[in-house]
Amino acid sequence: MNAERPRYGIVIDSENCMSCYNCFMACRDEHCGFASKLTAPQPHEGHRWMDIRERERGDDNRLVKTASVPTPCSHCVEPACAEAAEPGAVYTRDDGIVIIDPEKAAGNKAIMDACPIGAIYWNEELGMPQKCTMCAELLDEGFAQPRCVGACPNGALFFGDLDDPGSEVSRKIAQGRVTQLPELDGKATNVIHLNIPTVFLAGTVCAPGDEAVEGATVTLTEKSGGSVRTARTNIFGDWEFEWLEKGGVYELKIEAEGYRAVKAEAAVENDHYFGEVMLETID
């Protein structure tokens with residue numbers, strides 16, 4: 001880590017999240033009913049300082065898959081919550097962690113309302129806004145990482161110094177597909193998201209007799225830019241293209257040995273299941 005002043009951050013890889021909720025439970029175990037020098041106790045109900053936001057992906061009443069985006073406070077470099085607060089009620093530490101002062105912020109719901117991603121919660125009993133502290137109180141005591149990161153079993157959460165190019169979080173960012181929460185587009189944050197899905201196009205290839213065609217080649221050509229991607233159908237005849245541009249228009253070509261090629265066009269505004277394509281045998 002940077003010996004002078006680390007800038008702590010969490011990297012969240014949605015592609016590896018399996019919605020086990022270990023991170024959520026670790027956060028509750030650490031903060032529910034326990035106060036620290038930085039925050040009042042988290043209530044036992046209503047707060048999700050680590051919120052696993054899940055959404056179904058697909059259309060035409062066909063659920064193809066789900067996406068999970070673990071979402072704590074993003075610890076923004078220029079926090080909107082701080083702008084809505086009285087001086088000192090919300091502050092950024094030297095290590096980049098954004099803290100809500102439990103005494104100075106008491107009674108100010110505007111702090112909660114200012115968060116663009118809804119990561120600040122109102123403690124009704126204590127009358128104060130609260131959120132993720134990145135377990136700064138534990139880091140100050142020498143802990144290596146926040147509780148949520150240590151609890152993740154699937155490599156979806158990483159912690160370290162964002163200003164150290166050799167740290168694990170910096171390597172993940174350099175090697176991965178950086179995606180931002182839409183509400184924070186263009187804003188600098190100390191929680192970095194990887195692999196939040198865009199939109200996909202998927203379908204199925206069948207032969208007469210409703211038999212799945214395995215190994216068919218599906219070519220996807222973007223009509224505006226001309227980029228070309230290919231995929232092969234699996235044992236169930238299914239194919240899929242992920243990470244497409246929302247609103248893109250594509251040309252599909254499906255080819256399989258012994259069958260006539262099929263061409264079609266697809267506009268992808270949202271996740272879309274193209275449907276079944278029935279191939280015709282070559283006489």
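1. A good place to start is the contact pattern: of the contacts in the protein with a separation of 6 or more, 58% are between residues 24 or more positions apart. Please keep in mind throughout that this is a predicted model. The protein has 283 residues, and 48% of them count as buried.

2. On overall dimensions, the C-alpha atoms fill a box of roughly 80 × 40 × 35 Å along the principal axes. The exposed area comes to about 14300 Å², with carbon and sulfur atoms supplying 47% of it. As for charge, there are 26 positive and 47 negative charges, and their mean positions are 2 Å apart.

3. The secondary structure consists of 6 helices and 18 strands. I pick out two of the sheets below, then one helix and two loop residues. As a reminder, strands of a sheet pair through backbone hydrogen bonds, either parallel or antiparallel.

4. One open sheet holds 4 strands in the order β8-β1-β10-β9, and its pairing is mixed. Its edges are β8 (157-161) and β9 (178-179), each of which pairs on one side only. Strand β9 runs antiparallel to β10 (residues 191-194), and 2 bridges join them. You can check the register at V178, whose bridge partner in β10 is L194.

5. This mixed sheet also has a helix lying across it. Helix α6 (residues 168-175) lies across β1 (8-13), β8, β9 and β10. The angle between α6 and β8 is about 115°.

6. The other open sheet, again of 4 strands, has the order β14-β13-β16-β17 with antiparallel pairing. Here the edge strands are β14 (228-232) and β17 (262-268), each with pairing on one side only. Ignoring direction, neighbouring strands of this sheet are turned by 25° against each other on average. Inside the sheet, β13 (residues 217-222) and β16 (residues 248-255) run antiparallel and are joined by 6 bridges. For the register, look at T219, which stands opposite K253 in β16.

7. Helix α1 (residues 22-31) deserves a look of its own. Why can it be called largely enclosed by the rest of the structure? Because 7 of its 10 residues are buried, that is, under 20% relative accessible area. The buried set is C23, F24, A26, C27, R28, E30 and H31, so you will find charged side chains such as R28 and E30 listed there beside F24. The cover over these buried residues includes β2 (51-59), α4, α5 (147-151) and β8. Strand β8 thus appears twice in this note: as an edge of the mixed sheet and as part of the cover of α1. After the helix comes G33, with a positive phi near 80°.

8. Two residues other than glycine also have positive phi, and I would look at both in the model. M134 has a phi of about 55° and lies in the loop between β7 (128-130) and α4 (136-139). D210 has a phi near 60° and lies in the loop between β11 (199-207) and β12 (211-212).

9. Are these two residues buried or exposed? M134 counts as buried because its relative accessibility is 1%, below the 20% limit. D210 counts as exposed because its relative accessibility is 52%, and the exposed class begins over 50%.

Note on methods
Residues are numbered from 1 along each chain as its sequence is written. This is a predicted model: local features need pLDDT of at least 70, side-chain atom pairs count only at pLDDT 80 or more; totals for chains, interfaces and linings use all residues. Side-chain values use heavy atoms; hydrogens and water are left out. Buried means under 20% relative accessible area, exposed over 50%, partly exposed in between (1.4 Å probe, protein chains only). Contact means heavy atoms within 4.5 Å. Accessible areas come from the Shrake-Rupley method with a 1.4 Å probe; for residues, only the protein chains shown count as cover. The place of a charge is taken as NZ of Lys, CZ of Arg, CG of Asp or CD of Glu. Two strands pair if DSSP finds at least two bridges between them. Axes are lines fitted to C-alpha atoms, for helices over the stretch in contact, and angles run from 0 to 180 degrees between N-to-C directions.
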